[in-house]
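Me: I would like to work through some backbone features of this structure. Please take me through them step by step.

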Amino acid sequence: MAAPKVAVVGAGVIGLSTALCIVETCPSSSVTLLSDQFSPSTTSDVAAGMLIPHTYPGTPIHVQKQWFKETFTYLFAISNSAEASEAGIHLVSGWQVFKSTPKEELPFWADVVLGFRPMSKAELQKFPQHRFGQAFTTLKCDCPSYLLWLGKRLKATGIQMYNRKVADLWELHSEYDIVVNCTGIGAHQLVGDKKLFPVRGQVLQVHAPWVKNFIRDGDGLTYIYPGIHRVTLGGTREEKSWSLSPDPGTTRDIFDRCCSLEASLQEAQDIKVKVGLRPSRQCVRLQKEVLSQGGVKLLVVHNYGHGAGGFSVHRGTAKEAARLVGECIASLRGSSSRAKL
């Protein structure tokens with residue numbers, strides 16, 4: 001059988017990392033990446049890129065923990081390599097603070113991040129409005145740098161990348177044996193997924209190089225995430241809003257909320273506003289599907305719907321998607337050898 005042709009649709013962090021995992025685990029396949037948007041125009045470019053998991057109600061916790069652990073291990077190795085700066089990955093320490101003690105004082109990911117512990121009374125004095133806190137060290141990706149790094153890794157493997165809008169997965173059936181759908185919020189229209197909805201996020205990127213520690217309010221709405229070049233201030237979670245236009249009132253609100261956690265941000269310079277639509281559903285859609293028309297079949301693997309937690313689990317879900325592609329390749333080989341008989 002000729003090398004199976006695989007098309008990965010989507011060039012955000014999920015699409016790029018899934019394509020890379022397929023190349024690594026299925027070296028006999030021929031992989032092509034198709035997308036109508038590449039960095040810096042993807043939703044992933046707006047993401048803060050902090051590795052702090054968001055819980056998916058429809059996915060077992062042990063699965064979410066595995067995805068996070070695989071992602072953390074992968075990025076930690078990059079952060080310890082000579083490529084850390086180019087890939088935009090670095091360790092950052094800080095605090096998650098709560099106005100009242102949360103039901104779950106020890107989240108499922110506490111033993112994956114580094115040095116997780118309850119905050120001391122002295123540390124909490126920095127946050128007089130908050131009663132409880134957790135201190136830990138995690139990883140942060142400067143997303144545009146990381147996307148460029150992933151793209152460079154893919155090109156080095158010889159993968160072809162094309163700017164192409166795919167309106168229907170079936171249109172690829174004559175060119176490819178397997179299609180991997182990593183279209184994020186685009187899957188709402190592409191495959192008519194009614195369980196998928198946007199959660200609009202507006203963030204500010206500011207110049208405040210003196211801010212070295214992350215601070216995250218336990219409700220997940222207000223956060224300060226220092227990157228290599230800029231500090232990301234957030235944020236919003238507006239369900240089912242499709243607007244990509246920055247809202248000036250929201251910008252002021254985010255800035256004020258962040259200044260209440262870190263007063264020195266009043267001096268922050270050069271404020272840039274970014275908006276992205278998180279592709280949200282009860283659980284990540286990570287599964288195989290067989291499309292068929294008139295006796296012709298097309299094998300599809302879906303990997304989308306990561307919501308606000310895409311960066312935290314991207315490598316883990318990409319590895320799982322690549323495993324499913326491997327199963328598809330095995331079934332194609334099986335059917336082609338049966339056809340010969």
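Reply: One definition is needed beforehand: a residue is buried under 20% relative accessible area, exposed over 50%, and partly exposed in between. Please also note that the model is predicted.

Me: Is K240 buried or exposed?

Reply: K240 is found in the loop between strand 12 and helix 7 (248-261). Its phi is positive, about 65 degrees, although K240 is not a glycine. The relative accessibility of K240 is 58%, and the cut-off for the upper class is over 50%. K240 therefore counts as exposed.

Me: Which class of accessibility does D270 have?

Reply: D270 lies in strand 13, residues 269-280. Phi of D270 is near 55 degrees, a positive value in a residue other than glycine. The relative accessible area of D270 is 44%, which lies between the limits of 20% and 50%, so the class is partly exposed.

Me: What is the omega of the cis peptide bond from S39 to P40?

Reply: P40 lies in the loop between strand 2 (30-35) and helix 2 (61-79). The peptide bond that leads from S39 to P40 is cis, and its omega is near 15 degrees.

Me: Which residues does the cis peptide bond with omega of about -5 degrees join?

Reply: One partner of this bond, G235, lies in the loop between strand 11 (231-234) and strand 12 (238-239). With omega at about -5 degrees, the cis peptide bond joins G234 and G235.

Methods
Residues numbered from 1 in each chain as written. Predicted model: local features only at pLDDT ≥ 70, side-chain atom pairs only at ≥ 80, totals over all residues. Heavy atoms only, no water. Helix = DSSP H or I, 4+ residues; strand = E, 2+ residues; numbered from the N terminus. Buried < 20%, exposed > 50% of the residue type's maximum accessible area, 1.4 Å probe, protein only.
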